[in-house]
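Me: I would like to learn how to read a structure like this one feature by feature. Could we take the features in turn, with the general idea before the particular case?

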Amino acid sequence: MSFFKSLFKKEEPAPAVLLDDFSDLYNGMKVEVLTPANALIFVGRIRLRTGDEVDILGESGGFLPRALYNQRVKLRCFQRDGDTFTLNGTVGPNDPKFWRIEKLQSLQSGENRSFFRQNTGVDGQVLTASGQKYPCKVLDVSAGGARVLTTKLFQLETTFQLEAELLPTEEPFTLTCKVKRTSVRAQTASPMKKFEYGCQFVDVPPREQERLLQVIFTLQRKTLQARREQ
């Protein structure tokens, strides 16, 4: 009888002892699972295992997309302060509730600190240092910055306040933006130009950083759900 019990014994979680290279990982850490080409597959949370592997659980506890054994993926891991790092890995054992990611490797390139950008297209406004307000469109947003379209001209490295409601269920955000890239958009049948800015968020309080991450993950889930329903 003990032999048959051992066959059906539920697998015990492995001790949470990772290699030193992955000491920044922790149980419950938020993570984006991406293809090698940076297409988002799903958003989940880490469950530590041992060595060079982790389990990824669905953030909301629901079913995960079907995985292919030995499928190559990237993990973009979000630290508590909003910073990120990226790992490469290979899908191992999996089921609708978790993906095991094996053979983890740290990325040493500049991509290691990049952010996934979530399309938004919401209206907002920018507030200049002199207190003037201008309407804007928030084209996309990430944990580290946003792409903003407005009629107001800003110079590179200048800052402005961005005010926008990213989700109807959330209080609007007020974020300090530093202009890192700029381009001009001409409007058809109009002499007025619009300026598109690639912005970096600066001096975001930890609580607001966490709230921003939660909103981005919610937007990602809605986008993925809409794709599946098409």
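**Reading strands, cores and a cavity**

Reply: Let us start with a single pair of residues in neighbouring strands: the bridge partner of lysine 30 is arginine 45, which belongs to strand 3. Please keep in mind throughout that this is a predicted model.

Me: In which sense do strand 2 and strand 3 pair, and over how many bridges?

Reply: Strand 2 and strand 3 pair in the antiparallel sense, and five bridges are found between them. The two strands form a hairpin with five residues between them, and within the turn asparagine 38 has a positive phi of about 75°.

Me: Which strand is joined to strand 3 by five bridges, apart from the hairpin partner we have just discussed?

Reply: That is strand 5, which runs antiparallel to strand 3 and is joined to it by five bridges. As a landmark in this pairing, you can take arginine 47, which stands opposite aspartate 55 in strand 5.

Me: Is strand 3 largely enclosed or largely open, and how should I judge that?

Reply: The way to judge a strand is to go through its residues and ask how many fall under 20% relative accessible area, which is the cut-off for buried. In strand 3, seven of the nine residues are buried, so this strand is largely enclosed by the rest of the structure.

Me: What general idea should I hold about where the side chains of a strand point?

Reply: In a regular strand, side chains alternate between the two faces of the sheet.

Me: Which strand, then, gives the most residues to the largest nonpolar core?

Reply: Strand 3 gives the most, with six residues. The largest nonpolar core has 31 residues in total, and those with the most contacts inside it are Leu25, Leu75 and Trp99. Among the elements that give two or more residues to this core are strand 6 (72-78), strand 7 (84-95), strand 8 (98-106) and helix 2 (206-229).

Me: How many residues are in the other core that lies apart from this one?

Reply: The other core has 25 residues, including Val138, Ala146, Leu166 and Tyr197.

Me: What should I look for in a charged residue such as aspartate 55: is it buried or exposed?

Reply: For a charged residue, I would take the accessibility and then the partners of the side chain. Aspartate 55 lies in strand 5, and at 1% relative accessibility it counts as buried. Its side chain is joined to that of arginine 47 by a polar contact of 2.7 Å, and a polar contact of 2.7 Å also joins the side chains of aspartate 55 and arginine 100.

Me: Where does arginine 100 sit with respect to aspartate 55 in the strand pairing?

Reply: Arginine 100 is in strand 8, where it is the bridge partner of aspartate 55. Strand 5 and strand 8 run antiparallel and are joined by four bridges. Strand 8 also pairs with strand 7 in the antiparallel sense, over six bridges, and these two strands form a hairpin with two residues between them. Within that pairing, threonine 90 has glutamate 102 of strand 8 as its bridge partner.

Me: How many cavities of 30 Å³ or more does the structure hold, and which residues line the largest?

Reply: With a cavity, one can take the volume, then the lining and then the character of that lining. The structure holds one cavity of 30 Å³ or more, and about 40 Å³ of space lies in the largest cavity. Its lining is formed by Val138, Val141, Ala146, Leu162, Ala164, Leu166, Phe173, Leu175 and Phe201. By class, the lining has nine nonpolar residues, with no polar and no charged ones. Strand 10 (133-141), strand 12 (159-164) and strand 13 (173-186) each supply at least two of the lining residues.

Me: Which residues in the loops have a positive phi although they are not glycine?

Reply: One of them is glutamate 157, whose phi is near 75°; this residue is found in the loop between strand 11 and strand 12, and with a relative accessible area of 45% it is partly exposed. Another is aspartate 203, with phi near 55°; aspartate 203 lies in the loop between strand 14 (193-201) and helix 2, and at 76% relative accessibility it counts as exposed.

Note on methods: Residues numbered from 1 in each chain as written. Predicted model: local features only at pLDDT ≥ 70, side-chain atom pairs only at ≥ 80, totals over all residues. Heavy atoms only, no water. Core = buried A, V, L, I, M, F, W, Y, C linked by side-chain atoms within 4.5 Å. Buried < 20%, exposed > 50% of the residue type's maximum accessible area, 1.4 Å probe, protein only. Pairing = 2+ DSSP bridges. 1 Å grid on protein atoms, 1.4 Å probe; cavity = no way out; pocket = protein on both sides within 12 Å on 5 of 7 lines; lining within 4 Å. Points joined across faces, edges and corners; volume = space filled by probe spheres on them. Nonpolar A, V, L, I, M, F, W, Y, C, P; charged D, E, K, R; others polar. Polar contact = N/O pair within 3.5 Å; in protein donor to acceptor, adjacent residues only side chain to side chain.
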